[in-house]
Amino acid sequence: MKNVSRFMTAAAFAAITSFVPTAYAETPKDTLIQAWAIDDVISLDPAEVFEFTASEVLGNSYQPLVGYDVNDVSKIFGVIADSWTISDDGMTFTFNIKSDLKFASGNPITAADAVYSLVRAVKLNKSPAFIITQFGFNPDNVEANIRQKGDLSFEFQMDKPYAPTLVLYCLTATVGFVVDKELVVSHEVDGDFGYNWLKTNYAGSGAFSIREWRANDVIVMEKNDNFSGAMPAMARTIYRHIPESATQRLLLEKGDIDIARNLGAEEITALQSDPNIIIESGVKGSIYYLGLNQKNEFLSKPEVRQAMKYLVDYATIADTIMKGKVTVHQAFLPIGFLGALADKPFALNVEKAKNLLATAGLPDGFSVTMDTRNTPEITGIAQAIQQTMAMAGIKLELIPGDGQQTLSKYRARNHDIYIGRWGPDYQDPHTNADTFARNPDNSDAATSKPLAWRNAWDIPAMTVTADGAVLEADAAKRAEIYVALQKDHQETSPFVIMFQEIEVLGIRSNVKGFIVGPSFNDNSFRGVTKE
Amino acid sequence: MTPNQPTIGGRLCAPFAWAIPVTKLCGTLAITFFGLLLLTFLIGRVVPVDPVLAVVGDRASQSTYDAAFIELGLDKPVYEQFWIYLQKAVVGDFGTSMLTKKDIAEDIKRVFPATLELATVAILIGTIFGLPVGVLAAVKQGKLIDQIVRVIGLIGYSAPIFWLGLLGLLFFYAKLGWIAGPGRIDIAYEYSITQITGLLLLDTALQGQWDAFGNVFSHIILPASLLGYYSMAYISRMTRSFMLNELAQEYITTARVKGVAEWRVIWIHALRNAAVPLVTVIALSYASLLEGSVLTETVFAWPGLGQYLTNSLQNADMNAVLGGTLVIGAIFVGLNLVSDLLYAVLDPRVRSRND
């Protein structure tokens, strides 16, 4: 047995000595390393990208025709477009392109590139295509209506005189980013507009070029030497797929990453006392809400809908479970949008809710289910709501499920209550009015299925009002329409709108200049420097 | 068999004797893989997830949704979808991932080496420690050391690996700084090595990049040790059990009566006989590790097969799930085959039966 003991001692020694202390340097001075759960990236093609991470990647590697000031979104300016004019009938924009711009490939940027990018988006008809097609374009008419007039000029002719800000804001979305026509065309196969190539490659003109995307692993970007704006200080920037927030925190504390993107409320609180870490935040457009299906006999009663709005403890959830990550908000337009309503008429009020339930003929409450995405935050919010609903006798059964699973059920209108998060598609108020306050066809066979449809809320009058708002050219009048629409919506809708999202980043204190914009494609690391 | 083939008593003569087991093996493999694919395909069709959503997202218009529905072939009957898939799979075309937009084979080629490397180091750790610990526990049955081994095994069975992983990172990485953090390699080294096999320990060693080798080692040691610990718990328990069985046999008593040294009785006589079933235990442990440990891979940001398959499954990316299932099936079949062959090497009785 001496041999056994000897072997065990040797094995233990080997185990101990394998953990030799190792010295690790901080991240390189010319490289920005971010930890983020990047498993939502499914494409790098501007005609297809709709997800948060990819939107940010494209926002830093492509350029739109027009942009806006992230601190005051009403200030719209040209990026690739030098100027634009609108025809007297309000239906045609003429864009003039700046003359000295180049793509990362070295090809010059011309009107042909802008026209090709927009036509391509319409013809490919991927998820974000509706942002462009809503102006009356379809694969058959788009080439006739988005047409080149000269090397540096093109026309954009719509079917109606839409509000100019709506058009311009839509062109700031990733689907409006300009791609390098010559490069993309060289990779076209069987008339695919280069889609099969561009979904994993790059053809832009932004501050950084995309060198590599390994799904669920890493995205590597490098400084674009042909960028027309101020050159970034970082030679490269890297996103590493780190799905676990506690792991992100450890990496940030050790200095192995510069920015952590998915910190939870606990991590944020813990890091606030670390002198090497700065917590930065920015209000995003996403809102958290409950969708009450009007096919449910209880939820279809107006008093029940109102009662539920008094049975959420908004303040406590925002201060505990979602601390630092949300702010209480109760209208369908997020703060920062034209016409956003800041009123917060609802707070936890069990007595008022009970009275409303009694008026609805349900003094003892009722039972109902809520489909709940199984993420820690959504589950936490749902459990808090379950408790406060119970105070008024509403027995809320939570049905946990994977994201796609709960979404599939929600889209099929098979839910009772759905706890959701909705982010705007572009910076104009129509993006949310279109889904929360429009429902042109409430039948099961409808082709348009906004959130109002998903909750079977039939609103012909409100739909007419929302449709009218997109044709109002005067911004002030337009804002008034949206304010009135939101007030009506707050009182009558089957949506319990609860919070507006705040994006929180943990940043090493030596990293300066990261801009947190209102949408993910506005997040910018062009100006990042390291001390 | 043709009428002219030489037979003895209805059996094939020696030159053709290999044909029957090989044919049997091929038949078994074909049925196994077909069953695997069919079952996975059907499960993929009954889960309440809309695969089109993973492709077009939540905001797509109806026309975009309809186009993707047709593009994915979901407008066809399920049996036709399976038949189309099967025809392509037979010639090695497993389709394209809806999530990564790449060929499944290319995806698996990218993620599998990470899992293979982690699993191999882990099973080495599990076996190197598990075998002697199990033997020791058997030899010291009922004594303190046996109890300690049982407690260690119990913890290995019951402690959640993500919890141990986070604790390990906190202690060895964040507090002590002994090891590198999550991921396979530091960014500083990532682009300085050429990936030949995808196994970074091997690639860095082959290229003589010993700094990078040390970095890869310091990244892999903690997750591999944790997974190895779990394997060790299983292997040591099974080794103890097999050894107790062997140590109670008459041939052991005979050996002791004959005055054979105790170490020889344990390590040569008993362990050699216990080794036969242990081969299966180790092979199955290895196969389980090669499936990819999604929790370990998540905590340690390890871009392996476990994360890939879980993400694919959650998004109903059935091409990826089916491709991954085939790989895992092949691993189990392959390791079973290897353990069968090792049986023959280790056990003369099996050899003589085969002869």
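Helices and strands are here runs assigned by DSSP, a helix having at least four residues and a strand at least two, and they are numbered from the N terminus. Keep in mind throughout the tour that the model on your screen is predicted.

**Stop one: chain B as a whole.** Select chain B and colour it by secondary structure, and you should find 16 helices and two strands. If you turn the C-alpha trace of chain B along its principal axes, it spans about 85 × 75 × 45 Å. Chain B has 355 residues, of which 42% are buried. Among the contacts in chain B with a separation of 6 or more, 69% are between residues 24 or more positions apart.

**Stop two: two helices inside chain B.** Now select residues 104–139 of chain B, which form helix α5, together with residues 318–346 of chain B, which form helix α15. Two packed helices are described by the angle between their axes and the distance between the axes. In this pair the axes come within 10 Å and cross at roughly 55°, which makes α5(B) oblique to α15(B). The crossing of α5(B) and α15(B) is right-handed. To see where they touch, show the side chains of Ile104(B), Asp107(B), Ile108(B) and Phe112(B) on α5(B), and then Asn319(B), Ala320(B), Gly323(B), Gly324(B) and Val327(B) on α15(B). Sorted by class, the residues of this contact between α5(B) and α15(B) are five nonpolar, three polar and one charged.

**Stop three: where the chains meet.** Next, bring chain A into view beside chain B and look at the contact between them, to which chain A gives 53 residues and chain B gives 54 residues. On the side of chain A that touches chain B, the elements α1 (2–18), β1 (31–36), β10 (236–241), α9 and α15 (403–411) of chain A each supply at least two residues. That side of chain A is made up of 23 nonpolar, 16 polar and 14 charged residues.

**Stop four: a helix pair across the two chains.** Finally, select helix α9 of chain A, at residues 245–254, and helix α7 of chain B, at residues 161–175. How do these two helices lie relative to each other? Their axes come within 11 Å and cross at roughly 5°, and α9(A) and α7(B) are therefore roughly parallel to each other, since angles under 35 degrees count as roughly parallel. Ala246(A), Thr247(A), Leu250(A), Glu253(A) and Lys254(A) make the contact from α9(A), and from α7(B) come Leu166(B), Leu169(B), Leu170(B), Tyr173(B) and Ala174(B). By class, this contact of α9(A) with α7(B) holds seven nonpolar, one polar and two charged residues.

Methods: Residues numbered from 1 in each chain as written. Chains lettered and ligands numbered in written order. Predicted model: local features only at pLDDT ≥ 70, side-chain atom pairs only at ≥ 80, totals over all residues. Axes fitted to C-alpha atoms, helices over the stretch in contact; angles between N-to-C directions. Parallel < 35°, antiparallel > 145°, perpendicular 65-115°, else oblique. Contact = placed C-beta atoms within 7 Å. Nonpolar A, V, L, I, M, F, W, Y, C, P; charged D, E, K, R; others polar. Buried ≥ 20, exposed ≤ 12 C-beta atoms within 10 Å, placed from the backbone. Left-handed = near helix turned anticlockwise from the far one by under 90°.
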